[in-house]
Amino acid sequence: MDRESLIRNMPLFETLAVDEVNELSSKLQERVVPAGTTIFRAGEPGDTLFLIQEGAVEISTGEGKQRTRLASLYPGSFFGEISLLDGSSRSATANATKDCVLQALDRDHFFAFVRGKPDAAAKILAEMADRLRQTNALFSQQVSRDVLEEAQERLTFGQRRPGKCCHHEHQ
């Protein structure tokens with residue numbers, strides 16, 4: 001799949017006109033990333049959006065037992081959009097789970113593009129907002145699950161056994 005087809009078939013950019021797709025694709029830089037490579041880590045500086053042309057990427061937060069997989073992404077997906085917008089550090093870690101061909105769009109090129117295309121900018125921001133809502137919903141579910149697990153861990157063995165309670169055994 002060439003760069004223009006990748007952009008046209010990506011929800012983030014699918015509403016762009018042909019000239020907008022061509023202009024945006026000229027700003028992309030190809031990066032080949034082997035499987036097992038960390039593309040970026042949470043907390044690192046970030047100013048690049050990545051489009052997956054080939055391969056697969058896993059997005060996660062935390063490490064060890066606290067690690068939460070946020071998404072498994074495949075060709076036609078994008079990641080790194082939050083840091084692209086605000087220039088802050090990465091909010092998650094991205095790892096290549098398969099050999100990847102990524103198209104990278106840096107912050108300066110992105111903002112130069114949207115300054116000249118306000119309608120395109122509005123469409124792109126709406127898609128990014130949708131992605132952020134999905135991530136917030138996932139975190140809300142994770143927090144609820146963590147609270148329930150913590151409460152369960154605090155119970156004694158007798159309290160964990162359904163239908164059994166020491167107060168009612170002798171009645």
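Quick definition before we start: helices (H or I, at least four residues) and strands (E, at least two) are DSSP runs, numbered from the N terminus. Keep in mind that this is a predicted model.

**Exercise 1. Work out which elements line the largest pocket, and which one gives the most.**

Step 1: start with the space itself, which comes to about 620 Å³ in the largest pocket.

Step 2: look at the lining, made up of 31 residues. I59, E81, I82, R131 and T135 lie nearest the centre of the pocket.

Step 3: sort by element. At least two lining residues come from each of β4, β5, β6, α3 (81-86) and α5 (118-154).

Step 4: pick the top contributor. That's α5, which gives the most to the lining, with eleven residues.

**Exercise 2. Lay out the sheet and find its edges.**

Step 1: write down the order. Four strands make an open sheet, β2-β7-β4-β5, and the pairing is antiparallel.

Step 2: find the edge strands. β2 (38-40) and β5 (68-73) each have a single partner strand, so one side of each has no neighbour in the sheet.

Step 3: add the twist, which averages 25 degrees from one strand to the next.

Step 4: zoom in on one pairing. β4 (residues 57-61) and β7 (residues 93-96) run antiparallel to each other and pair over four bridges. In that pairing, S60 of the first strand faces T93 in β7.

**Exercise 3. Classify two of the aromatic pairs by geometry.**

Step 1: recall the two descriptors you need. A pair of aromatic rings is described by the distance of the centres and the angle of the planes.

Step 2: note the total, four aromatic pairs in the structure.

Step 3: take F40 and F79. Their ring centres are 5.9 Å apart and their planes stand at 40 degrees, so call this pair tilted. The pair links distant parts of the chain, with F40 in strand β2 and F79 in strand β6 (residues 78-79), 39 residues apart. F40 and F79 are both buried.

Step 4: now F110 and F111. With centres 5.5 Å apart and planes at 75 degrees, over the cut-off of 60, this pair is edge-to-face.

Step 5: check accessibility. F110 counts as buried at 2% relative accessibility, whereas F111, at 23%, is partly exposed.

**Exercise 4. Describe what surrounds the ring of F40.**

Step 1: list its ring partners. Ring pairs tie F40, F50 and F79 together into a cluster.

Step 2: look for a charge. The charged end of R90 sits over the F40 ring, 3.9 Å from its centre.

Definitions and conventions: Residues are numbered from 1 along each chain as its sequence is written. This is a predicted model: local features need pLDDT of at least 70, side-chain atom pairs count only at pLDDT 80 or more; totals for chains, interfaces and linings use all residues. Side-chain values use heavy atoms; hydrogens and water are left out. Two strands pair if DSSP finds at least two bridges between them. Axes are lines fitted to C-alpha atoms, for helices over the stretch in contact, and angles run from 0 to 180 degrees between N-to-C directions. Rings of Phe, Tyr and Trp (its six-membered ring) pair if their centres lie within 6.5 Å; planes under 30 degrees apart count as stacked, over 60 as edge-to-face and the rest as tilted. Buried means under 20% relative accessible area, exposed over 50%, partly exposed in between (1.4 Å probe, protein chains only). A charge sits over a ring if NZ of Lys or CZ of Arg is within 6 Å of the ring centre and within 35 degrees of the ring normal. On a 1 Å grid over the protein atoms alone, a cavity is a set of points where a 1.4 Å probe fits but cannot get out, and a pocket is an open set with protein on both sides within 12 Å along at least five of seven lines; lining residues have an atom within 4 Å of a point. Grid points are joined across faces, edges and corners, and a volume is the space filled by probe spheres set on the points.
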